[in-house]
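Work through the exercises below with the model open. Each one asks for a task to be solved in steps.

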Amino acid sequence: MVVQNARLLKDEATEEKGDRARMASFVGAMAIADLVKTTLGPKGMDKILQSTGRGHSVTVTNDGATILKSLHIDNPAAKVLVDISKVQDDEVGDGTTSVVVLAGELLREAEKLVNKKIHPMTIIAGYRMAAECARSALLQKAKDNKQDPDTFKSDLMKIAMTTLSSKILSMDKEQFAKLAVDAVLRLKGSTNLESIHIIKKVGGSLKDSFLDEGFILDKKIGIGQPKRIENAKILVANTAMDTDKVKIYGARVRVDSMAKVAEIEGAEKDKMKDKVQKIINHGINCFVNRQLIYNFPEELFADAGVLAIEHADFDGIERLALVTGGEIASTFDNPESVKLGHCKLIEEIMIGEDKLIHFSGVEMGQACTIVLRGASSHVLDEAERSLHDALCVLSQTVNDSRVLFGGGWPEMIMSKEVDELARKTPGKRSHAIEAFSHALQAIPTIIADNAGLDSAELISQLRAEHHKEITNAGIDVISGGVGDMEKLGISESFKVKQAVLLSATEAAEMILRVDEIITCAPRKREDRM
């Protein structure tokens, strides 16, 4: 008697097994890689992302992580690639496109091997060996100029320019690279980018952007208050300064004459006066509040010669407290326990059409503000993303100062070493190792393709160059040939490259291990009567 195949899953759940599941994963992952592939390299194109939500907001970007974050994806394998690009973005800030493209290429190669009946576990073992070999090849070739500050600074400039050359800022990359390097060197080795404040102001062109030492708050100075304060003592607070109205909800007060109403109002005014007096007793001449300040307390502050700034945005106020060395206060009964912020000068400045408040000579010397100008908000958003990438890479490089050349040079170095390993390895794993080397060469191929060059010709020239003992050859996208990366000053951070290599290998490995996809049925809505 034959027992029929018992059903495990509910009616609408589906499962795909074996090769079909693997195909679905490969196809999804490769589709994602092909999607961002065109944004790779200095001649990469941008994408317009339009949301279907209210307002149909439009984003123009070529930042891999931003593109993938905005996609609604159904394919589980594709989600793995979206995740690695996110992690790459959080961890090192740049290389988000490269990591997805490399993982996609590794899977493309793996698919060919699976079709040749090589078991996925064999492929994974080969990839593991290859990744280890590629990493050690990079380690040997990395340069470290931390001891020599001038060379190190020029390394940082080169890295910043290389990072920016694939972004919207590529036209003024020298100027922005300098902005980014100056800002990061002020941090003195911390990777906390909090103290670099970026303000976007529409108007002017990207060339008008500048770096300002100190802190700029995007607020106007109140009416009748001092426009300029030297040796400021700043109290940063988060407290309600709008209590000149009764705020007891649902309470009724019955009075038998207007005089009583006046008494209540008088009492409220006195309460406010006391509060303002307590604040002034701290011996401050600048009061920054997170919440509204009504007209009456504002008058009181103006009479006392204290500059009151209301509604400072939340990030702004936390950053301001950090930068001026103060703490955010909410009660004012004991002035001795409140930590005040200090700066040498507060004044009002104009940027474009807007007035802003400039704090200079702050406690925390690292702090600075980058003011971005540009034609439209889309340009500014993209400029901010590009600059953020550059700042992240630079702050990582300041810590781990090893540097590699760019332009497909590291991939060719790794590919050559991995090929050597494949020749020495017996058994089926050698096929996988060789496939890894092909996948690595795909990155310079794509960079060349995106620039409209003949990639097959260029890569074969590059391979020949790299068989010499010492070579700095990479793709020179501008002249359209093989160029010397050292002369062209194209450099990348070792940390970014290593993160790309390891993340991509792990992601590819994870997708390769899949042999079954189970999709659960959505829960049915119960008809509630």
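**Exercise 1. Describe the lining of the second largest pocket in this predicted model.**

Step 1. Count the lining and find its middle. The second largest pocket has 17 lining residues. Leu193, Ile196, His388, Leu391 and Cys392 lie nearest its centre.

Step 2. Assign elements. Helix H3 (76–91), strand S5 (196–202) and helix H11 (377–399) each give two or more residues to this lining.

Step 3. Find the main contributor. H11 supplies the largest share of the lining, seven residues.

Step 4. Sort by class. Six of the lining residues are nonpolar, five polar and six charged.

Step 5. Add the volume. The second largest pocket holds about 340 Å³ of space.

**Exercise 2. Do the same for the largest pocket.**

Step 1. Start with the volume. The space in the largest pocket is about 840 Å³.

Step 2. Count the lining. Here 41 residues line the pocket. Nearest the centre lie Gly41, Pro42, Thr162, Ser165 and Ser166.

Step 3. Assign elements. Those giving two or more residues are helices H4 (96–115), H6 (149–164), H13 (429–450) and H16 (494–512), plus strands S16 (473–476) and S18 (491–493).

Step 4. Find the main contributor. H6 gives the most, with four residues.

Step 5. Sort by class. The lining has 14 nonpolar, 18 polar and nine charged residues.

**Exercise 3. Which element gives the most to the lining of the largest pocket, and which gives the largest share in the second largest?**

Step 1. For the largest pocket, take H6.

Step 2. For the second largest pocket, take H11.

Definitions and conventions:
Residues numbered from 1 in each chain as written. Predicted model: local features only at pLDDT ≥ 70, side-chain atom pairs only at ≥ 80, totals over all residues. Heavy atoms only, no water. 1 Å grid on protein atoms, 1.4 Å probe; cavity = no way out; pocket = protein on both sides within 12 Å on 5 of 7 lines; lining within 4 Å. Points joined across faces, edges and corners; volume = space filled by probe spheres on them. Nonpolar A, V, L, I, M, F, W, Y, C, P; charged D, E, K, R; others polar.
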